[in-house]
Amino acid sequence: MDEDSVPFEKTVFVCTHSRTDGRASCANPGRAGDAICQALKVEVKNRGLKNKIRIARSGCLDLCAKGPNVFLYPENVWVSGLTEDDIPKLIERITSGN
């Protein structure tokens, strides 16, 4: 087993799980999980923070009805009910201190 230092200062897990059986899910049509993930990736890259902040697609985070959901690590902050309009505020939260 090899151990390396943590390659990023922060990791943002964005639920991009979708379902076809009619149950709520963060990336179902009308919910913005995929769009939020992509927009965050673009913002991190545009701000020159790609080597410090990792935006990672996540499978189901188990709070589907409250989604789209994002988990900020290492802050241990959970954000639910996001819309694309929330992205500027969320990116500021993520990048504060960087």
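**Exercise 1. Strand S1 and the sheet**

How many of the six residues of S1 are buried? Then place S1 in its sheet and describe its pairings on both sides.

Solution. The structure is a predicted model.

Step 1. Five of the six residues of S1 are buried, and the strand is mostly covered.

Step 2. The sheet is open and has four strands, in the order S2-S1-S3-S4, with mixed pairing. Its edge strands are S2 and S4 (77–79), each of which pairs on one side only. From one strand to the next the twist averages 20°.

Step 3. With S2, strand S1 pairs in the parallel sense over six bridges. Here Phe13 stands opposite Ala56 of S2.

Step 4. With S3 (residues 70–73), strand S1 pairs in the antiparallel sense over four bridges. Phe13 stands opposite Phe71 in S3, and Val14 stands opposite Val70 in S3. Phe13 thus has a facing residue in S2, Ala56, and one in S3, Phe71.

**Exercise 2. From S3 to S4**

Describe how S3 and S4 are joined and paired, and follow the bridge from Phe71 into S4.

Solution.

Step 1. S3 and S4 form a hairpin, with three residues between the strands. In the turn, Asn76 has a positive phi of about 55°.

Step 2. The two strands pair in the antiparallel sense over three bridges.

Step 3. The bridge partner of Phe71 in S4 is Trp78. On the S1 side, Phe71 faces Phe13.

**Exercise 3. The buried side of H1**

Check the length of helix H1 against its expected span, then determine where its buried residues lie and what covers them.

Solution.

Step 1. H1 covers residues 33–46, which is 14 residues. At 1.5 Å a residue the helix should span 20 Å, and its end C-alpha atoms are 20 Å apart, so the two values agree.

Step 2. The buried residues of H1 are Gly33, Ile36, Cys37, Leu40 and Val44. They cover an arc of only 100° around the axis, so they lie on the same side of H1. In an α-helix there are 3.6 residues a turn, so residues three or four places apart point the same way.

Step 3. The face turned away from the buried side carries the exposed residues Lys45 and Asn46.

Step 4. The cover over the buried residues of H1 includes S1 (10–15), S2 (53–58) and helix H2 (87–95). H1 lies across S1 and S2, and runs at about 165° to S2.

Step 5. Just after H1, Gly48 takes a positive phi of about 70°.

**Exercise 4. Two partly exposed residues**

Give the location and accessibility of Lys41 and Ser80, and list what each touches beyond its neighbours in sequence.

Solution.

Step 1. Lys41 lies in H1. With a relative accessible area of 31%, Lys41 is partly exposed, because that value falls between the limits of 20% and 50%.

Step 2. Leaving aside neighbours within four places in sequence, Lys41 is in contact with Ile55 and Arg57. Lys41 and Ile53 are 12 residues apart in sequence, and their C-alpha atoms are 9.2 Å apart.

Step 3. Ser80 is in the loop between S4 and H2. Its relative accessible area is 32%, so Ser80 is also partly exposed.

Step 4. Not counting residues up to four places away in sequence, Ser80 touches Lys66, Pro68 and Asn69. Ser80 and Lys66 are 14 residues apart along the chain, with 5.7 Å between their C-alpha atoms.

**Exercise 5. The cysteines**

How many disulfides does the model contain? Account for Cys37 and Cys64 separately.

Solution.

Step 1. A disulfide is a covalent bond between the sulfur atoms of two cysteines. A pair counts as a disulfide if the sulfur atoms are within 2.5 Å. The count comes to zero.

Step 2. For Cys37, the nearest cysteine sulfur is that of Cys15, 9.9 Å away, and Cys37 is in no disulfide. Cys37 is buried, with a relative accessible area of 0%.

Step 3. For Cys64, the nearest cysteine sulfur is that of Cys60, 3.5 Å away, and Cys64 is in no disulfide. Cys64 counts as buried at 12% relative accessibility.

Notes. Residues are numbered from 1 along each chain as its sequence is written. This is a predicted model: local features need pLDDT of at least 70, side-chain atom pairs count only at pLDDT 80 or more; totals for chains, interfaces and linings use all residues. Side-chain values use heavy atoms; hydrogens and water are left out. Buried means under 20% relative accessible area, exposed over 50%, partly exposed in between (1.4 Å probe, protein chains only). The expected span of a helix is 1.5 Å times one less than its number of residues. The arc is that of the directions from the helix axis to the C-beta atoms. Contact means heavy atoms within 4.5 Å. Two strands pair if DSSP finds at least two bridges between them. Axes are lines fitted to C-alpha atoms, for helices over the stretch in contact, and angles run from 0 to 180 degrees between N-to-C directions.
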